[in-house]
2 protein chains.
Amino acid sequence: MYGLIGKFTATDGARDELMRHLVDGSRDMPGCHSYVVAADSTDTVTIWVTEVWDSPDAHMASLDLEQVQAAISKARPLIAGMARIAETSPPSA
Amino acid sequence: MYGLIGKFTATDGARDELMRHLVDGSRDMPGCHSYVVAADSTDTVTIWVTEVWDSPDAHMASLDLEQVQAAISKARPLIAGMARIAETSPPSA
């Protein structure tokens with residue numbers, strides 16, 4: 001299995017809208033076991049995204065999905081920063 | 001909803017065993033929507049734990065569960081370090 005932990009910084013006042021795009025674009029993606037979009041509790045701009053996939057390939061393939069492309073184009077203007085915190089290997093069971 | 005992102009550092013050579021204790025101790029906990037234990041892909045000692053709970057209280061209550069207490073006592077000697085990376089608020093839906 002393949003996991004990712006990422007951190008987004010939203011532009012001021014845009015966190016909720018950005019979270020909605022991230023959630024809407026990530027529903028029912030093939031090979032995705034978990035895609036959690038969560039607001040940091042200590043500020044108003046940070047979003048944490050934690051993901052579990054069958055494989056790195058499954059994750060890469062998702063970027064070509066129409067729903068994901070649409071979400072990315074809506075989200076892009078609302079993103080002030082992005083960082084990949086960790087790439088992980090969750091156990092299969 | 002309530003989320004946590006934590007990072008463990010295992011003692012040398014103990015990561016797999018520590019991950020097993022974390023996974024075993026975290027099965028079917030009341031109020032827990034997600035508890036992912038994942039090895040960092042870039043080293044041999046880091047473990048990422050990403051959690052989603054009904055509430056902070058549900059998380060706190062889990063620490064009193066017998067399975068969790070047992071896991072903690074087995075895991076403690078295998079832990080070289082622990083850090084809370086983020087406390088989060090995942091959207092309910």
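Colleague: Which strands and helix do the buried residues of H1(A) pack against?

Modeller: Buried means under 20% relative accessible area, with exposed over 50% and partly exposed in between (1.4 Å probe, protein chains only). Contact means heavy atoms within 4.5 Å. Helices (H or I, at least four residues) and strands (E, at least two) are DSSP runs, numbered from the N terminus. Here the partners in chain A are S1 (2-10), S2 (32-40), S3 (46-53), H3 (66-75) and S4 (79-89), and chain B adds its S4 (79-89). Among the buried residues of H1(A) (15-25) are A:Leu18, A:Met19 and A:Leu22.

Colleague: What should I know about the model and its numbering?

Modeller: The model is predicted: local features need pLDDT of at least 70, side-chain atom pairs pLDDT 80 or more, while totals for chains, interfaces and linings use all residues. Residues count from 1 along each chain as written, chains are lettered from A and ligands numbered from 1 in written order, and side-chain values use heavy atoms, without hydrogens or water.

Colleague: How many strands form the barrel, and in which order?

Modeller: Strands of a sheet pair through backbone hydrogen bonds, either parallel or antiparallel. Two strands pair if DSSP finds at least two bridges between them. Eight strands close this barrel, with antiparallel pairing: S1(A)-S3(A)-S2(A)-S4(B)-S1(B)-S3(B)-S2(B)-S4(A).

Colleague: How many bridges join S1(A) to S4(A)?

Modeller: Eight, and the two strands run antiparallel. A:Thr9 has A:Gly81 as its bridge partner in S4(A).

Colleague: Is B:Ala39 buried or exposed?

Modeller: B:Ala39 lies in S2(B). B:Ala39 is buried because its relative accessibility is 9%. Its contacts include A:Glu87, A:Thr88 and B:Met19.

Notes:
Lists of a residue's contacts leave out its neighbours within four places in sequence.
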